[in-house]
Amino acid sequence: MPEQATKLRASRQKRRGRSPGTVAGEYVREEIRHVRHGKHGARSAKQEIAIGLSKARRAGVRVPPPRKGTTSERTRRAALRELEKAKQHPRRKPSRRRARATMSALQREGRAAGSHRALSRQARGAAKRRTHTQRSRSARQAVATKGATARSQAARKAARTRQRNAR
């Protein structure tokens, strides 16, 4: 179950007109925090992201399932099932036995997946798989939804980075 604070942050993002992916990011962030704080572990950064996306879908965030050919059919079906689960209003409580089994399995996993290094490796790998045009388009979209204050902050940060790299 997602924490109340996470739901609030996600709904704030949604109100501001952010994309479903951005809204789902709040749930992913919560999952990373859980691993870092030792609530449970994960086999990889990818698994943390998957758990977060699953939570987001069940919470009603319309994150589309992965396209055909990008992941296994099993993963796609699971994503579709989670989207359907969100539509069913009188939710049945999850099976306690299954929930406990999942939690204990995750607790046996390591905590390294939540490290900055692991997440950085995952992000770089994901970016490498995208084309220059795709990266450029998402950057433009980010600029469009950022707002004046955040845009000027980002510009200052970029200038500092360029200055640091020029040395």
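# Reading the predicted model: contacts, burial and packing

Q: Which residues is K39 in contact with, leaving aside its neighbours within four places in sequence?
A: Once those sequence neighbours are set aside, K39 is in contact with H34, M103 and Q107, where contact means heavy atoms within 4.5 Å. This is read from a predicted model, and K39 is found there in the loop between α2 (20–36) and α3.

Q: Why is K39 called partly exposed?
A: The relative accessible area of K39 is 42%, and the class in between covers values that are neither under 20% nor over 50%, so K39 is partly exposed. As for its place relative to another part of the chain, the C-alpha atoms of K39 and A144 are separated by 37 Å, with their positions 105 residues apart along the chain.

Q: What makes A112 exposed or buried?
A: Exposed means over 50% relative accessible area, and A112 has 56%, so A112 is exposed. This residue is found in the loop between α5 (96–107) and α6, and its C-alpha lies 8.3 Å from that of R43, although A112 and R43 are 69 residues apart in sequence.

Q: Why does R57 count as buried?
A: The relative accessibility of R57 is 7%, and buried means under 20%, therefore R57 counts as buried. R57 is found in helix α3, and, its neighbours within four places in sequence left aside, it is in contact with V63, P64, P65, P66, A79, E82, L83 and A86. The C-alpha atoms of R57 and R67 are 16 Å apart, the two residues being 10 residues apart in sequence.

Q: Why does E82 count as buried?
A: With 11% relative accessibility set against the limit of under 20%, E82 counts as buried. The place of E82 is in helix α4 (residues 73–87), and beyond its neighbours within four places in sequence it is in contact with S54, R57 and R58. E82 and L53, which are 29 residues apart in sequence, have C-alpha atoms 9.6 Å apart in space.

Q: How do you know where α3 and α4 meet, and at what angle they pack?
A: Two packed helices are described by the angle between their axes and the distance between the axes. For α3 and α4 the angle is about 35° and the axes are 7 Å apart. On the α3 side the residues are S54, R57 and R58, which meet A79, E82, L83, K85 and A86 in α4; by class, the residues of this contact divide into three nonpolar, one polar and four charged.

Q: Why is α3 called roughly perpendicular to α6?
A: The axes of helix α3 (residues 45–58) and helix α6 (residues 116–128) come within 9 Å and cross at roughly 80°. Angles of 65 to 115 degrees count as roughly perpendicular, and that crossing therefore makes α3 roughly perpendicular to α6. The contact is made by A45, K46, E48 and I49 of α3 together with A118, L119 and Q122 of α6, and by class it has four nonpolar, one polar and two charged residues.

Q: What makes up the lining of the second largest pocket, by class?
A: The lining has one nonpolar, seven polar and two charged residues. Its residues are Q13, G17, R18, S19, T22, S138, Q141, A142, T145 and K146; Ala counts as nonpolar, Lys and Arg as charged, and Gly is among the polar ones. Helix α7 (residues 132–146) provides the largest share of the lining, with five residues, and the volume of the pocket is about 220 Å³.

Q: How do you know what kind of secondary structure the chain has?
A: The secondary structure comes to eight helices and zero strands, and from the N terminus on the elements run α-α-α-α-α-α-α-α.

Q: What do the values for the chain as a whole give for its box, its buried residues and its contacts?
A: The C-alpha atoms fill a box of roughly 55 × 35 × 35 Å, taken along the principal axes. Buried residues, with the limit again at under 20% relative accessible area, make up 23% of the 167 residues in the chain. Among the contacts with a separation of 6 or more, 62% are accounted for by residues 24 or more positions apart.

Conventions. Residues numbered from 1 in each chain as written. Predicted model: local features only at pLDDT ≥ 70, side-chain atom pairs only at ≥ 80, totals over all residues. Heavy atoms only, no water. Axes fitted to C-alpha atoms, helices over the stretch in contact; angles between N-to-C directions. Helix = DSSP H or I, 4+ residues; strand = E, 2+ residues; numbered from the N terminus. Parallel < 35°, antiparallel > 145°, perpendicular 65-115°, else oblique. 1 Å grid on protein atoms, 1.4 Å probe; cavity = no way out; pocket = protein on both sides within 12 Å on 5 of 7 lines; lining within 4 Å. Points joined across faces, edges and corners; volume = space filled by probe spheres on them. Buried < 20%, exposed > 50% of the residue type's maximum accessible area, 1.4 Å probe, protein only.
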